[in-house]
Every structure is written in structure tokens, then in C-alpha cells.
Amino acid sequence: IKMRNHTTVTEFILLGIPETEGLETVLFFLFLSLYLCTLLGNVLILTAIISSSRLHTPMYFFLGNLSMFDLGFSSTTVPKMLLYLSGQSRGISFQGCVSQVFFYHFLGCTECFLYTVMAYDRFVAICYPLRYMVIMNRRVCSILATGTWTGGCVHAIILTSLTFQLPYCDSNQVGYYFCDIPAVLPLACGDRALAQRVGFTNVGLLSLVCFFLILVSYTRIGISISKIRSAEGRQRAFSTCSAHLTAILCAYGPVIIIYLQPNPSALLGAIIQIVNNLVTPTLNPLIYSLRNKDVKSALWNIFHKRVS
């Protein structure tokens with residue numbers, strides 16, 4: 001019996017964004033600008049929430065968590081992408097690839113949970129306004145926030161361990177711009193069936209459950225708003241939810257679009273990932289600050305104090 005010689009992979013080569021040869025310089029400056037806007041916007045939101053006592057409420061507590069998520073999610077993939085777009089090595093160590101997969105799914109799952117919790121927060125605020133601060137007390141908010149991050153961590157540990165417990169040998173070329181399970185798993189030498197089934201079921205089921213709970217929350221919110229007699233009251237109630245609804249559409253919209261395609265192209269898949277990884281974290285601070293007088297007031301006070 002002839003034994004085939006295998007070379008254990010210690011480094012992966014990221015092939016980059018499909019069908020973008022010759023556009024590296026343009027993409028580098030575009031993505032660098034978006035990344036810097038993401039960092040600046042979310043740091044400003046966090047600073048405003050921490051510094052202003054008026055923003056020490058459940059809604060802004062979860063918004064602060066969302067800003068921390070956006071900072072981490074974009075930083076998981078973008079710095080390495082900027083490095084190879086600038087002409088540096090496309091290589092990523094085996095441990096670096098494991099880290100990318102873990103943090104990408106950790107933060108991606110946390111996003112789903114966090115948007116669901118924020119929808120529940122808006123549901124309580126609209127449907128039970130007099131009991132809002134009693135129901136959403138500090139202890140409940142801490143439990144919900146801890147649960148979102150812990151749930152995301154458990155999810156990522158399961159997927160990452162299933163993916164990288166398999167042996168990797170021979171081919172080390174990842175046909176994507178970062179290490180994600182669909183791009184890395186085909187390079188494994190062992191039986192990939194279990195990891196594929198668990199990954200597809202886990203990611204798909206969590207996304208559907210979170211989306212369903214958000215839908216239920218906003219259905220109840222819509223019913224409650226429709227029962228408000230005054231137009232001013234309806235407008236005020238809707239304005240408290242509009243920013244969160246816009247953020248959800250930015251997060252789920254691209255994913256829904258790609259899954260509606262019967263045979264999505266590799267380029268379309270990469271564009272959708274970039275929208276989720278970079279564009280949405282850039283837009284979230286704008287969505288929540290431009291439509292929110294309290295956040296704008298807190299930021300103005302911070303700048304005014306610095307100037308004076």
C-alpha cells in the first residue's frame with residue numbers, strides 16, 4: 001500500500017476579492033476611508049454615551065454594545081485586507097486564520113443576538129412605557145448584554161473547533177479575502193460533512209430565529225403605535241424605533257439579497273460580505289447620531305468643552 005505524503009499547512013494564502021485584479025490601489029483608499037470612518041464614528045458614539053448622564057439608559061447601553069461590536073467586527077477582516085491591497089504579503093498564519101474564523105463568527109452571532117435584544121428593548125418602551133425602567137432595569141440589561149456576548153462566544157467555539165480539528169495539508173490557497181468557513185473548509189483533508197452540516201444548521205437557524213423574534217417585536221410595536229390616537233404621539237413612538245429599523249435593514253438586507261439569488265457569483269458574495277463587514281459598521285453611527293437629538297447634544301457638549 002502506497003502512502004501519500006502530506007505537508008501540514010502552517011500558512012494560508014488569501015487570494016483576495018474575486019475579479020478585482022488591477023483595482024488594488026483604488027480599493028485600498030476606498031476601504032481605508034470607510035474603516036477610518038467606522039473607527040471614528042463608533043468611538044464618538046461610545047464617548048458620548050459614557051460622558052453624558054442623559055444617555056445612561058437601556059437603549060443607549062445596548063447602542064454602546066453595538067458600537068463595540070462594530071469596532072471589533074470591522075477590525076477582524078479589514079486590516080489584513082488593507083495590507084495585501086497595499087502590496088504586502090497575502091499570507092496569513094494558521095493561528096491567524098483560526099483567529100479570523102473565531103472572531104468573525106463570534107461577533108457575527110453577537111450581532112444577531114444584539115439586534116434582537118434591541119428590538120425587545122423598543123418593544124418594552126413602546127408597549128409598556130410606564131413600566132419600561134422597571135422591566136429594563138440595570139440587572140436585566142446586564143444579563144441580556146452578557147447573554148449576547150456569551151452566546152456568540154459559544155457559537156464561535158463550536159464552529160471554529162469543528163473546522164480546525166480537521167487536518168489541513170497540501171493546498172493552502174483560500175479563494176477569498178479573509179478566512180471564513182466556506183472558503184477554508186474545502187481545503188481540509190479529512191471528512192468535512194459534520195462541520196458543513198453543523199455550520200449550515202447553526203448559522204442558518206440562529207439567523208432565522210433572531211429575525212423571527214425581531215419581526216414579532218416590531219409587529220407588536222406596529223399594533224401598539226396604530227392604537228395611539230394623536231398623530232404627534234404616533235410620530236414620537238415611531239421615531240424611537242426608526243434608527244434601529246434602519247440598522248436592521250442595513251444588516252439583514254444584503255444577506256437576504258444574496259440568498260434570493262439562485263446562483264450567486266463569487267464577486268456578489270464578496271460585495272455582500274464587505275457591506276456587512278465595513279459599510280454597515282460605518283453607517284450605524286450616522287444612523288443613530290443624525291436622527292437622535294440626545295446623541296448630537298452629547299457630542300456637541302464634548303466638543304464645546306474641548307474647545308473652551
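1. If the bonded cysteines of the chain are numbered in sequence order, their pairing is 1-3, 2-4. The model is a predicted one, and a search of the whole structure finds 2 disulfides.

2. One of these disulfides joins Cys97 and Cys179, with the two sulfur atoms 2.2 Å apart; the angle about the S-S bond is -115°, which makes the link of Cys97 and Cys179 left-handed. Because Cys97 belongs to helix α3 while Cys179 sits in the loop between β3 and α6 (181-184), the pair ties together parts that are 82 residues apart in sequence. Both Cys97 and Cys179 are buried.

3. Cys169 and Cys189 also form a disulfide, and here the sulfur atoms are 1.8 Å apart. This pair links distant parts of the chain, since Cys169 is found in the loop between α5 and β3 and Cys189 in the loop between α6 and α7 (193-226), 20 residues apart. Cys169 counts as buried at 8% relative accessibility, whereas Cys189, with a relative accessible area of 36%, is partly exposed.

4. Why are Cys112 and Cys210 not bonded to each other? The closest cysteine sulfur to that of Cys112 is in Cys210, at 4.8 Å, and this is too far for a bond, given that a disulfide requires sulfur atoms within 2.5 Å. Cys112 counts as buried at 13% relative accessibility, and Cys210 likewise counts as buried, at 3%.

5. The sheet is open and has 3 strands in the order β2-β1-β3, with mixed pairing. Strands β2 (91-93) and β3 stand at its edges with a single partner strand each, so one side of each has no neighbour in the sheet. Strand β1 (residues 11-14) pairs with β3 in the parallel sense over 2 bridges, and Ile13 stands opposite Gln173 in β3. Helix α3 packs on the sheet, where it touches β1 and β2, and its direction makes about 85° with that of β2.

6. Turning to the aromatic side chains, the count comes to 19 aromatic pairs. One of them is formed by Phe94 and Tyr168, an edge-to-face pair with 6.1 Å centre to centre and 65° between the planes. It links distant parts of the chain, with Phe94 in helix α3 (residues 94-127) and Tyr168 in the loop between α5 (138-164) and β3 (173-174), 74 residues apart. Phe94 and Tyr168 are both buried. Elsewhere in the account of rings, Phe69, Phe73, Tyr104, Tyr176, Tyr177 and Phe178 are linked by ring pairs into a cluster.

Definitions and conventions: Residues are numbered from 1 along each chain as its sequence is written. This is a predicted model: local features need pLDDT of at least 70, side-chain atom pairs count only at pLDDT 80 or more; totals for chains, interfaces and linings use all residues. Side-chain values use heavy atoms; hydrogens and water are left out. Rings of Phe, Tyr and Trp (its six-membered ring) pair if their centres lie within 6.5 Å; planes under 30 degrees apart count as stacked, over 60 as edge-to-face and the rest as tilted. Helices (H or I, at least four residues) and strands (E, at least two) are DSSP runs, numbered from the N terminus. Buried means under 20% relative accessible area, exposed over 50%, partly exposed in between (1.4 Å probe, protein chains only). Two strands pair if DSSP finds at least two bridges between them. Contact means heavy atoms within 4.5 Å. Axes are lines fitted to C-alpha atoms, for helices over the stretch in contact, and angles run from 0 to 180 degrees between N-to-C directions.
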